[in-house]
Structures are given as structure tokens and as C-alpha cells.
Amino acid sequence: MTTPTDSVPTPEPAREAAGTSAPERRSWLRDHSELGVCAMLLALGVLVLTDALTMDVDITQRGPVGPKTVPIVVGIGLLVIAALLAVDVLRGGRGEAEGGEDVDLSEPADWRTVLLLAGIFLGAAALIEPAGFPVAGALLFWGAAFALGSRRVDRDPLIAAALSLLTYVVFDKLLGVPLPGGPLMGVL
């Protein structure tokens, strides 16, 4: 085996005796770190396919394309992408570091916004059963707009309510995906 810096091949036992095997292995792993992404995509694809193939769909099957179709397509897609990426990495392909667009990496993270968004999401998840999706969704959309910097209290609640009601109607009435209506169940 030779490396690009070696001019004379050195047998593997001689390298291990010299103590160069571990650093070379670490260097190889560092040069091929994208294989970690391949492994993650592979595991995710296997998980999605396993879940899709063990799904019980007898009740919800309405035609040839059922609830299993999209997860199976996504799982197969993840496996194909993992394999293609692994082949590319092993052939010498390297990912380029992101330029950062307009992100200033010297600035600290905005933890206030992250914590606000997490709290709003958890609050909406807790309210969805007692208050119903339209109310919880409106609070989620309005809270997310507020956390991300919008201070239009005259417009944002109306847009959030309309978006939440539209989402509820599309999923519950048109697609047949039952969402909790809460106190508005009799109205809608």
C-alpha cells in the first residue's frame, strides 16, 4: 500500500510497528468525514422503510396509492442518495465549506429567539388537545412571527388565525386527516 507522500511501498506490518497506522487511519477518516452523512442517510432510509413496511393501513387504504407509498419512495430515495454520496466521497469528492451568505460567524447565537420559538412550539403542542388545532395553530403562527421580529399586532393575529383555519379546513375536511377542533368543532 502506498500513500501519495510515500515513494516506496511499505508493508502494512512495518507501518504498524513504526506506529504510523493510527494517524493514517485518523487522517483517512478526516479526509472522508462525509461518510458519516452517508451512514446517517442510510440509517434514516432503513428506519423509514422499516416503519413504512410495518405500517397497518387496512382501514385507511382507499386506492392503489395509500399511506405507504410516500414513505417507501422517501426511504428508497434516502438509500439511493446515501449510496451515491458514498461513491462520490470514495472517488475523491469533497464538500465545500459554506460561505455563510450573510451570517456573521463572529456574533454569538441569538438564544432569546431560539428559546422563544421552542417555548411557543411546546405551548402550541400542549394546547392542541384542549383548545383545538385552530386556536393552537393561530397562537403558534402568531408567536413565531413575534419571536422572529414582527411587531404588527394589528395584522399578525388576523393572518395567523386565517392561516390556522385554512390549514384546519384543508387537513380535516378536504384531506380527511382528523385534527382536534376544540371549542370551534361545532362552528366549523
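Which residue does aspartate 156 meet in a salt bridge, side chain to side chain? Its partner is arginine 155, at 3.6 Å from N to O. Please keep in mind through all the views below that this is a predicted model.

**View 1. The whole chain is built from helices, with 7 of them and 0 strands.** Read from the N terminus, the order of elements is α-α-α-α-α-α-α. The chain has 188 residues, and 20% of them count as buried. Its accessible surface amounts to about 13,600 Å², and carbon and sulfur atoms account for 68% of that area. If you like contact maps, here is a number for yours: among contacts between residues at least 6 apart in sequence, 54% link residues at least 24 apart.

**View 2. Helix α4 covers residues 69-90 and has a buried face.** Start with the length of the helix. With 22 residues at 1.5 Å a residue, α4 should span 32 Å, and the C-alpha atoms at its ends are indeed 32 Å apart, so expectation and model agree. Now look at which residues are hidden: Gly75, Leu78, Ala82, Ala86 and Val89 are the buried residues of α4. Viewed down the helix axis, these buried residues fall within an arc of 70 degrees, so they line one face of α4. Their spacing fits a general rule: an α-helix has 3.6 residues a turn, so residues three or four places apart point the same way. Turn to the other side of α4 and you meet Val70, Val73 and Leu84, which are exposed. Just after the helix, glycine 92 adopts a positive phi of about 110 degrees.

**View 3. Helix α3 helps to cover the buried residues of α4.** Valine 46 is a good residue to pick here; it sits in α3, which runs over residues 35-53. How far apart in space are valine 46 and leucine 78, C-alpha to C-alpha? The distance is 8.5 Å, for two residues that lie 32 apart in sequence. Leucine 78 is one of the buried residues of α4. Valine 46 has a relative accessibility of 42%, so it counts as partly exposed.

**View 4. Helix α7, residues 156-174, packs its buried residues against α6.** The helix has 19 residues and reaches 26 Å from its first C-alpha to its last, close to the 27 Å expected at 1.5 Å a residue. Buried in α7 are Asp156, Ala160, Ser164, Tyr168 and Asp172. Down the axis of α7, the buried residues keep within an arc of 100 degrees, so they too line one face of their helix. On the other side of α7, Leu158, Leu166 and Leu174 are exposed. Just after the helix comes glycine 176, with a positive phi of about 75 degrees.

**View 5. Salt bridges involve aspartates of α7 and a pair of residues before it.** A search of the whole structure turns up 3 salt bridges. One of them is the pair from the opening question, arginine 155 with aspartate 156. Is aspartate 156 buried or exposed? Aspartate 156 is buried, because its relative accessible area is 8%, under the 20% cut-off. Arginine 155, at 37%, is partly exposed. Another bridge joins lysine 173 to aspartate 172, at 3.3 Å from N to O. Here aspartate 172 is buried at 16% relative accessible area, while lysine 173 counts as partly exposed at 44%. Arginine 152 and aspartate 154 form a salt bridge as well, and their closest N and O atoms are 3.3 Å apart. Arginine 152 is partly exposed, with a relative accessibility of 40%.

**View 6. A nonpolar patch of about 410 Å² lies on the surface.** Leu127, Val135, Leu139, Trp142 and Val153 make up this patch. Which helix gives the largest share of the patch? Helix α6, residues 133-147, does so with 3 residues. Leucine 139, one of the residues of the patch, is placed in α6. Its relative accessibility is 40%, so leucine 139 counts as partly exposed. Helix α6 also appears in View 4, where the buried residues of α7 pack against it.

Notes: Residues numbered from 1 in each chain as written. Predicted model: local features only at pLDDT ≥ 70, side-chain atom pairs only at ≥ 80, totals over all residues. Heavy atoms only, no water. Patch = residues over 30% accessible without salt bridge, like charges linked within 9 Å, V, L, I, M, F, W, Y side chains within 5 Å. Areas by Shrake-Rupley, 256 points an atom, 1.4 Å probe, with all protein chains shown as cover. Salt bridge = Lys/Arg side-chain N within 4 Å of Asp/Glu carboxyl O. Helix = DSSP H or I, 4+ residues; strand = E, 2+ residues; numbered from the N terminus. Buried < 20%, exposed > 50% of the residue type's maximum accessible area, 1.4 Å probe, protein only. Contact = heavy atoms within 4.5 Å. Expected span 1.5 Å × (residues − 1). Arc of directions from axis to C-beta.
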